[in-house]
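Okay, thanks for making time, everyone. I'd like to walk you through one model today, so let me put it up on the screen.

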Amino acid sequence: MASDGDGKGRVATAPGAGGYGYGYGYAGFEGEEDRKWWPWLVPTVIVACIAVFVVEMYENNCPKNRSQLGGDCVAGFLRRFSFQPLRENPLLGPSSSTLEKMGALDWNKIVHQNQGWRLISCIWLHAGLIHLVVNMLSLLFIGIRLEQQFGFVRIGAIYLLSGFGGSVLSALFLRNNYISVGASGALFGLLGSMLSELLMNWTIYSNKAAAIITLLFIIALNLAIGILPHADNFAHIGGFATGFLLGFVLLARPQFGWMEHHELPQTNQPPKYKAYQYILWVVALVLLLVGFVISLVMLFKGKNGNDGCHWCHYLNCVPTSKWKCNT
C-alpha cells in the first residue's frame, strides 16, 4: 500500500494475471492491520519454480530421449537442457513422460496407486518455458502486493490451498489420458481472494464500483482463455473458488464507522470487525471444509465429476470449427 502526497489517502494497486491493474482507495484507520510487510515468500516461490523447471529439463535430456514423433530438439546448443521438438511440446519444455515422472497430476496414479502427493507436486511443475514465464510474471504482479498487505502466512496459505483445490477439481473432471501441471490454480486463488477481500472490507474502500468491475473483467478474461484447448480450466475454477472462500476467512480487516471517525476525530475508538464479516467468515469456512471433504471423498472413491454434470466439460473447453477438445 502507498500513501498519497498528504499521507491520508491509502491506495492499493494489484495487477491481474493478464498484466491489468485496478486501484482503490483505503480511507480507514492505519494500525497494525495496515502495515506494509516485506515480501519474501513470493520471490522464493518464483525461484523454486524456476529451479524445478531446470531439474525438469535436466531429467528430460532431449538428445538422449528423443521423441518417437521425430524432429530435432529445440535450442540444441543447450545440450541436455534443450527442449522437446515443437510438434511435441510447443511451450518449449520437456516431454509428457518426464512431467509424469516428476509428479504431474495423473488421476490414475492418484486414485489407484495412492499417489495423493501429486495434488501438491503438480503445482510446482510447468509444461514449458513459455508456461513458466507467464505464470511467474503473473505471480510477481499479483503476489507481491498481496504479501505486502497481508503478510506471508496468509498469502502463502491461500496460494498453496488454492493450488490444492484446483488440483482436486481438475482430477475429478479430467480423469484418464490427461496430465496437468502448473501454478495456474494457485494464481487464480490469489485473484479470488482479491475479490472476496474487496467484498469483505467493502466499507473501507472508495471507488468501489470501478475496482470490482475491473477485477471481475480480469477474472472473466482469464477464465475465458481457459476454455481454449490444452488449458486446464478446472484447475483455474477450483483454485479461484478456494481462494475466494479463503479470502473471507483470512483477509478480513477490522473496521469502524468511517464517517463517525472523521466527524469525531478526537475519539480513539479502535477498529472493530462488523457483524457481516463474522457471518461471511463462518459461511466461507463451512463451505470450504464441506467442499474439500466432498471433493476428496469423491476423488479417492474413483468418482467421475462428469457423471453428475454432463455439461461441465464445456467449462474446460468449447469445441469450434477451428479446434477440437479431445486432442
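I'll start with the overall layout, then go through a few helices and some aromatic rings.

Keep in mind that this is a predicted model. We've got 327 residues in the chain, and 46% of them count as buried. The secondary structure adds up to eleven helices and three strands. If you read along the sequence, the three strands come before the helices, so in shorthand it's β-β-β-α-α-α-α-α-α-α-α-α-α-α. As for contacts between residues at least 6 apart in sequence, 72% of those join residues at least 24 apart.

Okay, first helix pair. How do H5 and H6 cross? H5 is residues 129–150, H6 is residues 152–174, and their axes come within 7 Å, crossing at roughly 140°. That angle makes H5 oblique to H6, since you'd need over 145 to call the pair roughly antiparallel. On the H5 side, the contact uses Leu139, Leu146, Glu147 and Phe150, and these meet Phe152, Arg154, Ile155 and Tyr159 in H6. Sort the contact by class and you get six nonpolar residues, two charged and no polar ones.

Let's stay on H6 for a second. Is it mostly covered or mostly open? Mostly covered: 18 of its 23 residues are buried. The length works out too, because at 1.5 Å a residue H6 should span 33 Å, and its end C-alpha atoms are 32 Å apart, which agrees.

Now H11, residues 275–300. H11 has 26 residues and reaches 38 Å from its first C-alpha to its last, close to the expected 38 Å. Which residues of H11 are buried? Those are Gln277, Ala284, Leu288, Phe292, Ser295 and Leu299. What covers them includes H3, H4, H6, H7 and H9. After H11 you run into Gly302, and its phi is positive, near 80°.

On to the aromatics. The count comes to six aromatic pairs. One to look at is Phe164 with Phe292: the ring centres are 5.6 Å apart and the planes sit at 40°, so that pair is tilted. Phe164 lies in H6 and Phe292 in H11, so the pair ties together parts that are 128 residues apart in sequence. Both Phe164 and Phe292 are buried.

Then there's Phe240 with Phe244. Here the centres are 6.1 Å apart and the planes are at 15°, so this pair is stacked. Phe240 and Phe244 are four residues apart in H9, residues 233–250, so about one helical turn separates them. And in general, an α-helix has 3.6 residues a turn, so residues three or four places apart point the same way. Why do these two get different burial labels? The cut-off for buried is under 20%, so Phe240, at 17%, is buried, while Phe244, at 22%, is partly exposed. Phe240 and Phe244 also join Phe248 in one aromatic cluster.

Last stop, Glu59, which is found in H1, residues 41–60. Glu59 has 31% relative accessibility, so it counts as partly exposed. Leaving out residues up to four places away in sequence, Glu59 touches Asn65, Thr98, Lys101 and Met102. Also, Glu59 and Pro94 are 35 residues apart in sequence, yet 8.6 Å apart in space, C-alpha to C-alpha.

That's my tour, so over to you for questions.

How values were computed. Residues are numbered from 1 along each chain as its sequence is written. This is a predicted model: local features need pLDDT of at least 70, side-chain atom pairs count only at pLDDT 80 or more; totals for chains, interfaces and linings use all residues. Side-chain values use heavy atoms; hydrogens and water are left out. Axes are lines fitted to C-alpha atoms, for helices over the stretch in contact, and angles run from 0 to 180 degrees between N-to-C directions. Helices (H or I, at least four residues) and strands (E, at least two) are DSSP runs, numbered from the N terminus. Angles under 35 degrees count as roughly parallel, over 145 as roughly antiparallel, 65 to 115 as roughly perpendicular and the rest as oblique. Contact means heavy atoms within 4.5 Å. Ala, Val, Leu, Ile, Met, Phe, Trp, Tyr, Cys and Pro count as nonpolar, Asp, Glu, Lys and Arg as charged, and the others, Gly among them, as polar. The expected span of a helix is 1.5 Å times one less than its number of residues. Buried means under 20% relative accessible area, exposed over 50%, partly exposed in between (1.4 Å probe, protein chains only). Rings of Phe, Tyr and Trp (its six-membered ring) pair if their centres lie within 6.5 Å; planes under 30 degrees apart count as stacked, over 60 as edge-to-face and the rest as tilted.
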